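Please open the model in a viewer and keep the sequence panel visible. The tour below proceeds by selection, stating at each stop what is to be found.

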Amino acid sequence: MNGARIFLGVSGGIAAYKAAALTSTLVQRGALVDVVMTSEAERFVTPLTFASLTARPVYTSLWDTPERIPHIRLIREADVALVLPATANLIAKLAAGIADDLLTAALLAARIPRILAPAMNETMYEDAATKANLATLRARGYETVDPERGFLAEREFGVGRLAGEERILQALERTLARRRALRGKRVAITAGPTREAFDPVRFLSNASSGATGIELAREAALRGASVTLMLGPTLLEPPAGVDVVRVTTASELYDAALEHAAGADLTIATAAVSDWRPAERSDSKVKKSGEALTVALAPNPDVLAELGRRKGSGFLVGFAAETDHHEKRAREKLRAKHLDAIAVNDVAGERGFGPGHNALVLLWGDEGRRELGVADKTTLAARLLDAVEELMRCS
Ligand SMILES: Cc1cc2nc3c(=O)[nH]c(=O)nc-3n(C[C@H](O)[C@H](O)[C@H](O)COP(=O)(O)O)c2cc1C
């Protein structure tokens, strides 16, 4: 915690007084805390309390500070943002992308990890709207420290009581440690499909969306790495704060990958590279004749094998999308292509491609194996990087 910069958002719930106690703990542990309060939070605790504890200005409005865009500066300078307590109202605004005060605007502009500690009446917490809003925010990368069962302000027992200070501190420590893990490291990631044109309007491709590589790039950037994402054609948006190199064909990806993986500390190859391309490309649209058409395919360069040959001291992780004998085939690929680790996913069923859930297993060496479980791709990206960082420390 020593030297960590923490953006502490306080919204208008009864538990706002606990934010003052936490601020005191954080300051005693050497953190620099910038407190931003909603106007409703000021009804529960005064800014003076936080200003006295932090010996720093406390921010309550987009408009009353002398600087022009305080929401951007505050959130950019911090290592992590924590909202405690997070009201049902604030959670709903964040899920909808509303930015009508300093706290919501800053959180929307954040590139740093964001943690929410919700606290509210049990019925508000169990309401379908709050549940859906929290699920939306988790899927977008927010972490939550879920409330506990206990005595609530309404003199009832139930779920909704702010998580205990120890759990909040652990979540902060975990996030800060992750954030430091890749600081100063260069990470190269390939993602998405490639397209191999047959004529100006038709091409050979596959169903990859690029979501896995995009989430890995986002997570690696959050952990402090400088990230280059080589991205094939996809409708998904690449994350902010990452250098994006757009590619279309396997040959373009091959050139980009060799350039950006050279000297990278970590390369992760998630792209679904087309193994073949039409041997010939027509400059004009091939006309329908009613007859069968035979298209000869030529092999594409093997991007992953070449990255393996040129690897040097960097750590190289491949991906295998298999429909059968997953782990056996993936281990063969791991050895044949000189990878340090390989993540295997099963694309036979509904999982694998697209932005939904996935199941991953990471393999390394002769017997190394870790199940990363079934989860959304944001969560899996964090688990994969946790495992890879451990392997990099041991290698
Ligand atoms: C006495 C009192 C206690 C409240 N406690 C909570 C609470 O614990 N959690 C919550 O989500 N809302 C609580 N509310 C409702 C919020 O204050 C209200 O939704 C407000 O608009 C939140 O504003 P903010 O999210 O901008 O801070 C409480 C309201 C009152 C009057």
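**The parallel sheet**

In this predicted model, begin by selecting the open sheet of 5 strands, whose order is 2-1-3-4-5 and whose pairing is parallel. Which strands stand at the edges? They are strand 2 (32–37) and strand 5 (143–144); each has a single partner strand, so one side of each is left without a neighbour in the sheet.

Next, select strand 3 (residues 80–86) together with strand 4 (residues 114–118). These two strands are paired in the parallel sense, and the pairing comprises 4 bridges. To locate the register in the viewer, label A86, which stands opposite P118 in strand 4.

Remain on strand 3 and select P85, which has its place in that strand. The peptide bond leading from L84 to P85 is cis, and its omega is near -10°.

Now add helix 8 to the selection. Helix 8 lies across strand 3, strand 4 and strand 5, and runs at about 160° to strand 3.

**A pair of helices**

Select helix 1 (residues 16–28) and helix 2 (residues 47–54). Their axes come within 9 Å and cross at roughly 10°. That makes helix 1 roughly parallel to helix 2, because angles under 35 degrees count as roughly parallel.

Display the side chains at this contact. From helix 1, A20, T23, S24 and V27 meet T49, F50, L53 and T54 of helix 2. By class, the residues of this contact divide into 4 nonpolar and 4 polar, with no charged residues.

Then move to A55, which is placed in the loop between helix 2 and helix 3 (70–77). The phi of A55 is near 55°, a positive value in a residue other than glycine.

**The surroundings of the ligand**

Centre the view on the ligand and show the residues around it. Which of the 15 residues around the ligand come nearest? They are S11, G12, G13, E40 and T87.

Colour this shell by residue class: 8 of its residues are nonpolar, 6 are polar and 1 is charged. Then highlight helix 4 (residues 88–96), from which the largest share of the shell is drawn, namely 3 residues.

**The hairpin**

Select strand 6 (residues 148–151) and strand 7 (residues 157–161). These strands run antiparallel and are joined by 4 bridges. Within this pairing, G150 stands opposite G158 in strand 7.

Strand 6 and strand 7 form a hairpin, and 5 residues lie between them. In the turn, select R155, which has a positive phi of about 60°.

**The two domains**

Finally, zoom out and colour the chain by domain. The chain is divided into domain 1 (5–181) and domain 2 (186–394). How far apart do the C-alpha centres of domain 1 and domain 2 lie? The separation of these centres is 36 Å.

Select the residues where the domains meet: 9 residues of domain 1 are in contact with 9 residues of domain 2. On the side of domain 1 that touches domain 2, helix 8 (residues 165–181) gives the most, with 4 residues. The residues on that side of domain 1 comprise 4 nonpolar, 1 polar and 4 charged.

Helix 8 thus links two stops of the tour, because helix 8 lies across strand 3, strand 4 and strand 5 and also contributes 4 residues to the side of domain 1 that touches domain 2.

Definitions and conventions. Residues numbered from 1 in each chain as written. Predicted model: local features only at pLDDT ≥ 70, side-chain atom pairs only at ≥ 80, totals over all residues. Near = placed C-beta within 6 Å. Nonpolar A, V, L, I, M, F, W, Y, C, P; charged D, E, K, R; others polar. Domains from an automatic or database assignment. Contact = placed C-beta atoms within 7 Å. Pairing = 2+ DSSP bridges. Axes fitted to C-alpha atoms, helices over the stretch in contact; angles between N-to-C directions. Parallel < 35°, antiparallel > 145°, perpendicular 65-115°, else oblique.
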